[in-house]
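Here is a quick tour for someone meeting this one for the first time. Have a look at the sequence and the model, then read on.

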Amino acid sequence: MANNADRSIDIATIQMLDKAAADGVSTAFERSAAMRPCPIGGEGSCCKLCSMGPCRLPAPKNRKETAEEKDNRRGICGATIETIAARNFVRMIAAGASAHSDHGRTVAEAFLKAAKGEGSDFSIVDEQKLLQVALDFGIDPTDKSTQELAIAVGEAALDEWGKREGHLRFLSRAPLKRQQIWKELNCEPRAIDREVVECLHRTHMGVDLDFEHLFQQGARAALADGWGGSMLATELQDIMLGTPVPVRGRVNLGVIDEKQVNIMVHGHEPLLPEMLVVASRDPELLAYAKSKGAEGINLAGICCSANEILMRHGISLAGNMLQQELAVVSGAVEAMVVDVQCIMQSLPKVAECYHTQIISTSDKAKVPGALHIEVDDAAPLSAAKKIVRVAIDKFPERASGKVNIPEHSMDLVAGFSHETINYLLGGLFRASYKPLNDNIINGRIRGVAGVVGCTNPRVKHDSVHTTLVKELIANDVLVIQTGCAAMSCAKLGLMTPESASTTAGPGLAEVCETVGIPPVLHMGSCVDNSRILMAATAMVKEGGLGDDLSDLPVAGAAPEWMSEKAISIGHYFVASGVYTVFGVTWPTLGSEEVTEWLFNGMGELYGGRWAFEPDPHKMAKLMIDHIDGKRKALGLDKAQERVLYDMDMRRELEAV
Ligand code: NFS
Ligand code: SF4
């Protein structure tokens with residue numbers, strides 16, 4: 001049997017993996033050890049787009065192929081390895097962009113209902129942001145009531161998915177030079193749905209057969225995600241649910257409470273989770289929980305649903321993607337409520353071993369073996385109450401002999417929206433990015449890195465994220481995070497302001513201590529990567545760091561990525577001018593030419609480029625070298641030594 005300590009650096013995870021083994025429960029960790037990834041598909045050399053194939057085109061192993069051999073390496077239709085690898089990649093972008101954007105659409109529909117007052121549980125909470133979005137949309141707010149403005153914004157927002165003319169409205173938020181680059185490359189997204197559809201059309205058998213031209217459409221769809229679907233999701237959620245401000249919370253499986261009814265919310269769209277927050281505090285339901293012998297109702301989250309309610313309410317994070325099965329394995333979870341994305345089909349199977357009820361809630365996603373309680377996205381409170389009731393009814397079924405909750409959990413501070421960073425650094429009355437820019441210019445902060453994305457059992461859980469991030473902050477790079485990556489680092493204590501003095505380099509630590517922020521900032525869920533775009537744009541607009549996103553001393557990474565959404569995110573960062581490094585594996589390695597284009601050629605056009613490096617130390621070096629290169633180009637290159645995060649420093653951190 002594999003040693004579970006080799007599978008994760010997280011004590012709570014290892015403890016639950018041991019329990020799963022003892023309980024005879026299979027987990028993704030174990031299945032991943034048993035499943036050898038297909039090497040041909042893994043490198044993007046397999047095409048299954050038509051029934052003349054599937055065609056497999058692996059390069060010869062252990063030797064360089066001749067030019068003639070390579071030219072003959074073709075699918076039945078004659079497709080080259082470049083076309084096949086690029087088509088596969090662009091389809092990943094399309095799927096990822098559609099996931100984020102369809103989430104955005106759900107939010108926009110609920111937003112318009114709320115604006116119209118059509119029996120919605122939601123209302124307009126952040127009027128300042130409503131006004132900002134209206135102005136960015138070119139809507140004149142004069143003589144409009146809040147309701148009229150919200151309706152105008154909601155209708156304009158929904159048009160972004162299918163309008164017939166023009167380009168996405170939020171593109172105008174980007175620095176002018178970036179907008180010019182997009183225009184010259186003819187990759188400005190027109191309407192969100194259209195770009196995804198065009199990806200699928202152009203990658204259909206026998207359509208766009210020029211790989212560089214395929215990537216132009218890939219960029220359009222990815223930008224339609226970052227500056228479209230994701231940004232719309234974030235902004236409309238903020239207007240309806242509140243823009244996050246710093247909030248304390250806790251993270252890891254230890255937040256499951258033996259004495260309470262435990263409800264895990266898992267998935268992505270925040271509308272139902274918001275209402276579960278309300279329902280879990282409902283006096284009637286609390287009394288009902290007590291009548292069943294529980295002390296209360298404990299709501300906690302997995303994946304991005306968790307990040308959303310953490311950011312706005314300080315609700316605890318139970319864990320990241322790979323911990324979803326393990327929460328159930330604790331034996332103390334009454335219900336796991338899922339909607340869309342990153343839901344493992346194994347959950348009902350794991351739940352069979354305990355008393356946990358898996359509840360699916362989205363009209364888009366059913367899970368065999370789960371109880372389906374469909375939620376009307378405009379009025380989810382009654383569904384939320386029904387769900388909480390189901391969970392409470394499960395409490396008496398809990399078998400105490402099967403309960404073993406990890407003790408481990410950690411404090412964190414989250415809620416760093418782009419607006420919050422503005423206020424924190426500049427003060428409420430003169431909100432500004434100037435202090436951040438100044439500290440980058442004077443070298444206290446070397447640069448900024450966005451470290452985002454999933455967890456993946458192909459690498460040691462949480463270890464690539466945390467090793468990379470520790471090395472970055474030790475080198476005075478301020479780290480901003482979203483998604484599952486954020487939870488990996490939070491679990492290690494890197495998201496407390498106190499951690500700055502022991503983990504950050506002297507310059508970064510000084511800034512963090514002065515402002516009272518952690519060296520690693522939690523910016524939210526994966527659609528909230530759009531907050532990172534806005535923060536980077538604000539840095540450009542503040543001045544002193546160049547006139548485009550590609551001039552900034554910043555870099556991005558998804559060290560443990562697994563989902564197609566991560567590829568879409570990476571591609572919109574690259575197409576926005578950001579150097580972006582992925583770990584685990586790289587899906588175009590089957591074509592040297594395509595890979596070379598993404599890693600270098602793309603940089604000449606877009607100013608941003610991809611890189612692949614699974615080793616976190618080397619990844620840190622790539623990112624820091626890139627940041628230093630940008631500093632040099634800006635004339636900010638005072639010599640700085642790279643600090644390697646050594647064992648002593650690591651022990652010191654683990655001791656806190
Ligand atoms: Ni992002 Fe969020 Fe996590 Fe990856 Fe899945 S939860 S949208 S895709 S696994 S970071
Ligand atoms: Fe093979 Fe071409 Fe069909 Fe792909 S599209 S499966 S390469 S024949």
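What follows covers the ligands, the metal site and the pockets.

This is a predicted model, where local features need pLDDT of at least 70, side-chain atom pairs count only at pLDDT 80 or more, and totals for chains, interfaces and linings use all residues. Residues are numbered from 1 along each chain as its sequence is written, chains are lettered from A and ligands numbered from 1 in the order in which they are written, and side-chain values use heavy atoms, with hydrogens and water left out.

**Ligand 1 and its nickel**
- Ligand 1 takes up the largest cavity (on a 1 Å grid over the protein atoms alone, a set of points where a 1.4 Å probe fits but cannot get out; a molecule sits there if more than half of its atoms lie within 2 Å of the grid points).
- Among the residues around ligand 1 (a heavy atom within 4 Å) are His268, Cys303, Cys304, Cys526 and Lys565.
- That shell has eight nonpolar, three polar and one charged residues (Ala, Val, Leu, Ile, Met, Phe, Trp, Tyr, Cys and Pro count as nonpolar, Asp, Glu, Lys and Arg as charged, and the others, Gly among them, as polar).
- Cys526 (SG), at 2.2 Å, is the only protein donor of the nickel atom of ligand 1 (donors are N, O and S atoms within 2.8 Å of the metal, or 3.2 Å for Na, K and Ca).
- The nickel arrangement is irregular because its four donor atoms subtend angles of 88 to 167° (tetrahedral needs all angles between 85 and 135 degrees; square planar needs opposite donors over 155 degrees apart and all others between 65 and 115).
- Cys526 sits in the loop between strand E13 (520-522) and helix H23 (529-542) (DSSP runs, with at least four residues for helices and two for strands).

**Ligand 2**
- The second largest cavity is the space taken by ligand 2.
- Its surroundings include Cys47, Cys50, Cys55, Cys77 and Arg87.
- By class, the shell of ligand 2 is nine nonpolar, two polar and one charged.

**The largest pocket**
- About 1100 Å³ of space lies in the largest pocket (an open set with protein on both sides within 12 Å along at least five of seven lines).
- Its lining counts 33 residues, with Pro37, Gly41, Gly42, Arg458 and Thr585 nearest the centre.
- H5 gives the most to this lining, with five residues.

Key: 1 Å grid on protein atoms, 1.4 Å probe; cavity = no way out; pocket = protein on both sides within 12 Å on 5 of 7 lines; lining within 4 Å. Tetrahedral: all angles 85-135°; square planar, octahedral: opposite > 155°, others 65-115°. Points joined across faces, edges and corners; volume = space filled by probe spheres on them.
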